[in-house]
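This briefing is meant to be read alongside the sequence and the structure, and it goes through a few side-chain pairings and the surroundings of selected residues.

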Amino acid sequence: MEPWSRERVGKLEELEIESELLRGNPLGDPHVRPLWVYLPPGYDDDNSRYPTIYVIQGLTGQIDMWANRPPHRPTVLERVDSLFAQADVPSCLIVYVDCWTSLGGSQFLDSPGTGRYHTYLCEEVVAFVDGRYRTVAGRDRRGIAGKSSGGYGAMVTPMLRPDLFGGLASHAGDALFELCYLPEFGEAARALRDEYGGSFERFREDFRSRPALTKPSDYPLVNTWAMASCYSANEDGTVDLPFDVATGRLRDETWGRWLAWDPVRMAPCRAEALRSLRAIYLDAGRRDEYFLDLGAEAFRRELAALGIDDVFFELFDGKHGGIEFRYPLALRYLAERLQ
């Protein structure tokens, strides 16, 4: 490939949306958010209406990261444009949504610890896009896709709002929490004990004082606190950890609050929503460091137990990172199913 950008076949519009729901959020994060909308080739040539696929990011993801160029690889924006340049791929609008928080992410949920990101996505962003563009404004023509925490959001959002989303695609989405989160609790507890006197506040002060993610203990601490702020925050905004900081021993009640948000455990309770979907795409690398290949398999088996067998499922040779080449596969699948 050439080591520089090429002219797009479609068009990317970079917008801002002013959110009333995120105004005054608990973290003081911006309530004016960027929103990028990709218009496929031919959008300006007629008055046709188009299905829409919302694309969401993993933990620490900011919207401009979609333009990052990995070594010897196209950017995600280039991959999407190349996909829709193919004559046999049905045209769709692709909406890149920013749900970043200063903790790293929102899990696309409403939480008193982070803000109302689920409602922001479902009510404000969807309405904004449908009001501005020629979309087919119905759930059967609207999908959502993402990787990692974005894959988690892609799994749970249609379960929570089947009236809005008719298809999902999850790349290594967070699932089967005892495998993807629990192994880090010991690392986090040990780091808090040895480096920060058992205090997350001392960790955050240290984290803000230096280049981020430069200590081995940074990621488990960032990830654990971010997830606790999404899954086990209290109404007053305080956050309960799922383990005792001194020993790492699980706090069963708080851990139970986390498990209630596990897609594998949510599925039986949201069976009708899942049965109503027109498209379900799941994949993960077989060597995923967070065992999200096993989480994807567990979620697929829950779907099968509910009688949902029309699912695209693939485990491929790969780890957690460097799998952006999978995005066009999922987007093509959704584009074909949501016509």
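**Charged pairs and selected residue environments**

The side chains of Glu-297 and Arg-300 come together in a salt bridge, with a nitrogen-to-oxygen distance of 2.6 Å. The model is a predicted one, and by the rule applied here the count of salt bridges in it comes to 35. The points below take up the pair in helix α11, a charged network, the loop residue Arg-134, and the helix residue Gly-153.

**The pair in helix α11**

- Glu-297 and Arg-300 both belong to helix α11, which covers residues 292-305, and because they are 3 residues apart there, about one helical turn separates them.
- Glu-297 has a relative accessible area of 16%, under the 20% limit, and therefore counts as buried.
- Arg-300, with a relative accessible area of 26%, is partly exposed, because this value lies between the 20% and 50% limits.

**A charged network**

- Elsewhere, salt bridges with shared partners join Glu-195, Asp-206, Arg-210, Lys-215 and Asp-218 into one network.
- One of the salt bridges is formed by the side chains of Asp-206 and Arg-210, whose nitrogen-to-oxygen distance is 3.0 Å.
- Arg-210 is buried, with a relative accessible area of 16%.

**Arg-134 and its partners**

- Arg-134 lies in the loop that runs between α2 (117-132) and β7 (142-147), and its side chain meets that of Asp-46 in a salt bridge with a nitrogen-to-oxygen distance of 3.8 Å.
- This pair links distant parts of the chain, since Asp-46 sits in the loop between β2 (32-39) and β3 (52-56), 88 residues apart from Arg-134.
- Asp-46 is partly exposed, with a relative accessible area of 36%.
- The side chain of Arg-134 also reaches two backbone oxygens, that of Tyr-43 at 2.6 Å and that of Ser-48 at 2.8 Å.
- When residues up to four places away in sequence are left out, Arg-134 touches Tyr-43, Asp-46, Asn-47, Ser-48, Arg-49 and Tyr-50.

**Gly-153 in helix α3**

- Gly-153 is placed in helix α3, which spans residues 149-160, and it is buried, with a relative accessible area of 0%.
- Leaving aside residues up to four places away in sequence, Gly-153 touches Ile-56, Phe-108, Ile-144 and Pro-158.
- Between the C-alpha atoms of Gly-153 and Ala-246, which are 93 residues apart along the chain, the separation is 32 Å.

Terms used
Residues numbered from 1 in each chain as written. Predicted model: local features only at pLDDT ≥ 70, side-chain atom pairs only at ≥ 80, totals over all residues. Heavy atoms only, no water. Helix = DSSP H or I, 4+ residues; strand = E, 2+ residues; numbered from the N terminus. Polar contact = N/O pair within 3.5 Å; in protein donor to acceptor, adjacent residues only side chain to side chain. Contact = heavy atoms within 4.5 Å. Salt bridge = Lys/Arg side-chain N within 4 Å of Asp/Glu carboxyl O. Buried < 20%, exposed > 50% of the residue type's maximum accessible area, 1.4 Å probe, protein only.
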